[in-house]
Amino acid sequence: MKSNHRISRRSVFKTGLLAVGGYFLSASLFSKVWAACTRTERQSEGPFFPVNEQSDVNQDLTTVHGVEGQASGQVIYVQGKVMDASCQPIAGAEVIVWQADIKGRYKHPGDAEANELIPQFQYWGRIITETDGSYWFKTIMPAAYGSFFSKRTPHIHFKVLVDGKERLVSQMYFEGQELNQKDSLYRYLSKEGQRQSTIRFQSVAASSERQVGALEGTFDMYV
Ligand SMILES: [Fe+2]
């Protein structure tokens, strides 16, 4: 009985150690996974979500079917993945993007901006994610817009739908823009939200098939 008692105490001790070790290991793994998959912060849809259909809604916003030429401005490629909160890619998600042109105007009846629309610019597009959750689109760097007192820093709007249901509305920003820290919506984001949504753009690789002189950046979204 004495011996059994000792073994029992030892085994309880060992089990305890394993349990404590297991807890810290799983907590550590959990925190790593959790940190990597923090949901992208939701942001205002703003007043200019596209309301009118257009014949061309593909992933190249720098041209419009049937219109000659390319919209002027800095060409950029935005790429990334749509994933869920467990970091799993979501295939077949619908990503709607919309933005201002190089003069700060949206293609929306509510935009009072006096500048004419640019015929070569597509203004918004709709992309379906691949089986690995990836998406990309080509566009022109948007301009800042708004009044002196409430100027919006350059940004691109995103809406993600999965199985037709809205999962995220957000905005993507450009690293190094002076106006970022003066933009009230940008400042409203948490520090982590700013980090996730502020994208560094760099020149496309010379070996790439992408347009020479273009910039590219990656914006992953966790929905
Ligand atoms: Fe906007």
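Two strands pair if DSSP finds at least two bridges between them, and strands (E, at least two residues) are DSSP runs numbered from the N terminus. This is a predicted model, in which local features need pLDDT of at least 70 and side-chain atom pairs count only at pLDDT 80 or more, while totals for chains, interfaces and linings use all residues. Residues are numbered from 1 along each chain as its sequence is written.

The pairings of strand β1 (residues 75–83) are listed below.

| Partner of β1 | Bridges | Direction | Residues standing opposite |
|---|---|---|---|
| β4 (residues 134–140) | 7 bridges | antiparallel | Q79 and W136 |
| β11 (residues 215–218) | 4 bridges | parallel | Q79 and T218 |
| β12 (residues 221–222) | 2 bridges | parallel | V82 and M221 |

Q79 thus appears twice, standing opposite W136 in β4 and opposite T218 in β11, whereas V82 has M221 in β12 as its bridge partner.

V82 and M221 return in the largest nonpolar core, which has 33 residues and in which they are among those with the most contacts, together with V95, V97, Y123, F158 and V160. Such a core is a set of buried Ala, Val, Leu, Ile, Met, Phe, Trp, Tyr and Cys residues joined through C-beta atoms within 7 Å, where buried requires 20 or more other C-beta atoms within 10 Å of a residue's own, with C-beta atoms placed from the backbone. Among the elements giving two or more residues to this core are β2 (94–98), β7 (155–162) and β8 (165–174), but β1 gives the most, with 6 residues.

Not counting residues up to four places away in sequence, M221 touches T40, G80, V82, F158, V160, L168 and S170, a contact being C-beta atoms, placed from the backbone, that lie within 7 Å.

Note on methods:
Buried ≥ 20, exposed ≤ 12 C-beta atoms within 10 Å, placed from the backbone. Contact = placed C-beta atoms within 7 Å.
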